[in-house]
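Visitor: I am new to this structure and would love a close look at a single part of it. Could you pick one piece and walk me through its surroundings?

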Amino acid sequence: MKEMSANTVLDSQRQQKHYGITSPISLACPKEIDHIYTQKLIDAMKPFGVFEDEEELNHRLVVLGKLNNLVKEWISDVSESKNLPPSVVATVGGKIFTFGSYRLGVHTKGADIDALCVAPRHVERSDFFQSFFEKLKHQDGIRNLRAVEDAFVPVIKFEFDGIEIDLVFARLAIQTISDNLDLRDDSRLRSLDIRCIRSLNGCRVTDEILHLVPNKETFRLTLRAVKLWAKRRGIYSNMLGFLGGVSWAMLVARTCQLYPNAAASTLVHKFFLVFSKWEWPNPVLLKQPEESNLNLPVWDPRVNPSDRYHLMPIITPAYPQQNSTYNVSTSTRTVMVEEFKQGLAVTDEILQGKSDWSKLLEPPNFFQKYRHYIVLTASASTEENHLEWVGLVESKIRVLVGNLERNEFITLAHVNPQSFPGSKEHHKDNNYVSMWFLGIIFRRVENAESVNIDLTYDIQSFTDTVYRQANNINMLKEGMKIEATHVKKKQLHHYLPAEILQKKKKQSLSDVSRSSGGLQSKRSSLDSSCLDSSRDTDNGTPFNSPASKSDSPSVGEMERNSAEPTAVIVEKPLSVPPAQGLSIPVIGAKIDSTVKAVSPPAVCTIPTVVGRNVIPRITTPHNPAQGQPHLNGMSNITKTVTPKRSHSPSIDGTSKRLKDIEKFIRLESTFKDPRTAEERKRKSVDAIGGESMPIPTIDTSRKKRLPSKELPDSSSPVPANNIRVIKNSIRLTLNR
């Protein structure tokens, strides 16, 4: 009897549908203990408000139903106004589709809904932003209505009966839109402009992900757990170079493909196992990329040289395939891989009964992790200006991270995604202030008594980029300022209250996501993104997390604890008044002479002190061929300040397409990091003594707008009239 039962199981496993581009690692079914651990996982997640009750879910359905009816009425009205025959007007249709976290079924309490309005060919985008916008204006229950027509993916944002909705638009090359329309059909993309393709891509990617997982309910529960973990650990932000919602969804989907019968508790553990050992930059693919004769640009490193330089490619499954993680940098990938390893260690303990799920959801102690920090401050004189300004500055923080990474003396630049309100006593002119913190690890220079590090150009280049874009989109207003200051860990108390600098065990997820939850309305028009328009903004979860246990020491903390102390001395220019524990520069102070901002030459000499000899450090334009080593020892290329993605038409006649790209990993083997702990110990630098110093920035009094209305890149000229540049350099002298 047992033999027959075993044969039945084997037969069912052989007949099971194959998911993904490789065979599964295990077809094992869950045991009773796996279900117990899964229930414990659910119980651990409940206090964080990740599950909506039936009443809230039904309210969302009612709101979407009202919106769908509004769209149909509007399309019918537009059809009549364009003199279409009554018989056509009666059948013209129109439909609302959802995508993102709501469509995946993993949205949290209070999360917004990403939606797509699909219209027939005779309805123009201008109609959507004019007549439909006016229709929404006069609709009961609509609040906070605003249109962001110049966004990468143009969107209308509003609140409908208490539910926040981001509505994008696409018109198809067909006469009527039926209720059973399937957007997964590639032919729907034919004859569409690029903005419609971007709008459709969010729905197409979301639907494709759901079609590529073996068990949707298990996938959803696992994804809820992973997203909650990522937000708690401070690595959930596509804008800042970590991963966004669609990327986390694809990683979880790949795990589900590899373990198609596993329970959610097992899948969470396997997620950390797979991606702590993944050999980046090998791409994560959910399906074999398909050929198409539509000639749209797709991610293909064999054709597009720029695609070869992506550090952590996760490829969307719907045509046209794109890399959803183009913002990832060397530092953010290093931080995420460390978190994967930490997650693996914790889930090992949990499944061995040595710990519980609450330990996995403990926030990191970012403010105890590093010895050096850069405090980035954005301030404005009014609340409206501040919301706009913070959105722009935050969308460009990854440029600052990239600049710092390319400094030969910096090993890691780790930005904390959470923003904090600034101290008004240091910003008397402006009442609205936001701060971000970047943890810095400096590289130890062998056989050198002291090394002088100048961060002036790295910071100045970042502020130039922000001001340049603010001018180009006519945003810059009086009182908008950026300030950056280098501080050491012991000086952080000048900026943050003691309870934040502590372990922060009672921090809520809504606090973690605050920096990205309330600014989406302005950011959409500012932050260029890839063709994948799947946005995940379910960040506003109103709850307080339960108290939990202390953090386990991370790799970085162990390195720092064992590093021998060294001195950091800040050389203060004579023109700067003495600092008292901290120093924040006054931007826009009255200066007699006006200095024009000049872009740095291709080769600039920055004094580097090695012992007693002064050696010029030559900074050359970034050469992609000189990449930086990956964690797996492979050489790759650091991203440029402003990623530019050049594409060629997709090639024909290839049956294998990218099958050879995803190099599958041996999970039994040990992931070897070429940068051993001993080596990294030698690189870390201790900080004792010295004072914090301001990093120079540009005065914001200029008002001239550049001729180009396009969003600028790093090659755009900096508007030079009436720009006062503070050239107080900051040098950190690292002694042995």
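Guide: Here is a walk along one strand, its two partners and the aromatic rings that the trail leads to. First, a word on the model: it is predicted, with local features needing pLDDT of at least 70 and side-chain atom pairs counting only at pLDDT 80 or more, while totals for chains, interfaces and linings use all residues. Residues are numbered from 1 along each chain as its sequence is written, and side-chain values use heavy atoms, leaving out hydrogens and water.

For the wider setting, the protein has 22 helices and 16 strands; these are DSSP runs numbered from the N terminus, helices being H or I with at least four residues and strands E with at least two. Of its 736 residues, 58% are buried. Buried here means under 20% relative accessible area, exposed means over 50%, and partly exposed lies in between, using a 1.4 Å probe and protein chains only.

Our part is strand S4, residues 155-160. Six of its six residues are buried, so S4 is largely enclosed by the rest of the structure. In a regular strand the side chains alternate between the two faces of the sheet. In S4 both faces are covered: Val155, Lys157 and Glu159 are buried on one side, and Ile156, Phe158 and Phe160 are buried on the other.

Now look at the neighbours in the sheet. Two strands are said to pair if DSSP finds at least two bridges between them. Strand S3, residues 142-148, pairs with S4 in the antiparallel sense over five bridges. Within that pairing, valine 148 has valine 155 of S4 as its bridge partner. The chain gets from S3 to S4 by a hairpin of six residues.

Strand S5, residues 163-171, also runs antiparallel to S4, and six bridges join them. Here isoleucine 156 stands opposite leucine 167 of S5. S4 and S5 form a hairpin as well, with two residues between them, and aspartate 161 in the turn has a positive phi of about 50°.

Following S5 leads us to aromatic rings. Rings of Phe, Tyr and Trp (its six-membered ring) pair if their centres lie within 6.5 Å; planes under 30 degrees apart count as stacked, over 60 as edge-to-face and the rest as tilted. By this rule there are 29 aromatic pairs. In one of them, the ring centres of tryptophan 74 and phenylalanine 169 are 6.4 Å apart with the planes at 75°, so the pair is edge-to-face. Phenylalanine 169 belongs to strand S5 and tryptophan 74 to helix H3 (residues 54-81), so this pair ties together parts that are 95 residues apart in sequence. Both tryptophan 74 and phenylalanine 169 are buried.

For a companion example, tryptophan 229 and phenylalanine 272 also form an edge-to-face pair, at 4.8 Å centre to centre and 75° between the planes. Tryptophan 229 lies in helix H8 and phenylalanine 272 in helix H10, so the parts tied together by this pair are 43 residues apart in sequence. Tryptophan 229 counts as buried because its relative accessibility is 2%, and phenylalanine 272 counts as buried at 0%. These two residues belong to one aromatic cluster, whose members also include Trp248, Phe271 and Phe340.
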